[in-house]
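Morning, everyone. Please have the sequence and the model open while I talk, and stop me if you lose your place.

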Amino acid sequence: MLKGKSYIYIYVSDHGEPLGDGQKWNRAELAPVFHQCQWSKVGFFILCSPELEALHPHIAEAVSHLRKNKDMPVAHENIFHTLLGLFGIQTPYYDASLDLSSPAPRPYQGPSCDRNGESLDNLKWE
């Protein structure tokens, strides 16, 4: 459907769902402790068409940085700044250190966990 068209497609989930992990099946079971590590990780990806990269040198450079930063830990706070950076929007609210399409964004440094939901860094979810 998009073949041959210029586009950037950004997908991010709003939250994770426990689908049987630890015998939990939905958020309602976890209301007081929903923001536990194991259910806080969500899907996030960005696709950019070669046609758009070819049309806009700024986009091609930004996508190059996205590829370089693809394995970096990120958080929802990166989305806003990455959108501004991708589209070259000038605003005093922009922070290049949170823009995944910039040359040197900083990795997410908040709470982290392993696949079983155990803290890897002893930081607490508030």
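Ser49 is in contact with Lys5, Ser6 and Tyr7, leaving aside its neighbours within four places in sequence. This is a predicted model, so please hear every value today as computed from that prediction. Where does Ser49 lie? It is in the loop between β2 and α1, and α1 covers residues 50-55. Is Ser49 buried or exposed? Its relative accessibility is 0%, so Ser49 counts as buried, because buried means under 20% relative accessible area.

Next, the strand before that loop. β2 runs over 44-48, and Phe45 has its place in it. With residues up to four places away in sequence not counted, Phe45 touches Tyr9, Ile10 and Tyr11. Take one of these, Tyr9: Phe45 and Tyr9 are 36 residues apart in sequence, and their C-alpha atoms are 8.2 Å apart in space.

Now the rings. How many aromatic pairs does the structure hold? It holds two. One of them is Tyr11 with Phe45: the ring centres are 5.4 Å apart and the planes are at 25°, so this pair is stacked. The cut-off behind that word is that planes under 30 degrees apart count as stacked. Tyr11 lies in strand β1 and Phe45 in strand β2, so the pair ties together parts that are 34 residues apart in sequence. Tyr9, Tyr11 and Phe45 form one aromatic cluster.

Those three residues come up again on the surface. Together with Leu47, the residues Tyr9, Tyr11 and Phe45 form a nonpolar patch there, with about 370 Å² of accessible area together. Which elements give two or more residues to the patch? They are β1, residues 8-12, and β2. As for single members, Tyr11 is partly exposed, with a relative accessible area of 35%. Phe45 is partly exposed too, at 39%. Leu47, which has its place in strand β2, is partly exposed at 41%. Partly exposed is the right term for these values because it covers what falls between buried, under 20%, and exposed, over 50%.

Let us turn to a helix. α3 covers residues 77-86. Is it largely enclosed or largely open? Seven of the 10 residues of α3 are buried, so α3 is largely enclosed by the rest of the structure. The buried residues of α3 are Asn78, Ile79, His81, Thr82, Leu84, Gly85 and Leu86. What do they pack against? The answer is β1, β2 and α2, the last of these being residues 57-68. So the two strands from the patch come back here, as β1 and β2 are packing partners of the buried residues of α3. Just after α3, Gly88 takes a positive phi of about 65°.

Last residue for today: Ser102, which is placed in the segment after α3. Ser102 has 5% relative accessibility and so counts as buried. Not counting residues up to four places away in sequence, Ser102 touches His65, Asn69, Tyr94 and Ala96. What lies 2.9 Å from a polar atom of the Ser102 side chain? It is the backbone oxygen of Ala96. The backbone oxygen of Asp99 also has a polar atom of that side chain at 2.7 Å.

That is my part. Questions, please.

Notes
Residues are numbered from 1 along each chain as its sequence is written. This is a predicted model: local features need pLDDT of at least 70, side-chain atom pairs count only at pLDDT 80 or more; totals for chains, interfaces and linings use all residues. Side-chain values use heavy atoms; hydrogens and water are left out. Helices (H or I, at least four residues) and strands (E, at least two) are DSSP runs, numbered from the N terminus. Buried means under 20% relative accessible area, exposed over 50%, partly exposed in between (1.4 Å probe, protein chains only). A polar contact is a pair of N or O atoms within 3.5 Å; within protein, one must be able to donate a hydrogen and the other to accept it, and residues adjacent in sequence count only if both atoms are side-chain atoms. Contact means heavy atoms within 4.5 Å. Patches are made of residues with over 30% relative accessible area and no salt bridge: like charges are joined within 9 Å, nonpolar side chains (Val, Leu, Ile, Met, Phe, Trp, Tyr) within 5 Å. Accessible areas come from the Shrake-Rupley method with a 1.4 Å probe; for residues, only the protein chains shown count as cover. A salt bridge is a side-chain nitrogen of Lys or Arg within 4 Å of a carboxyl oxygen of Asp or Glu. Rings of Phe, Tyr and Trp (its six-membered ring) pair if their centres lie within 6.5 Å; planes under 30 degrees apart count as stacked, over 60 as edge-to-face and the rest as tilted.
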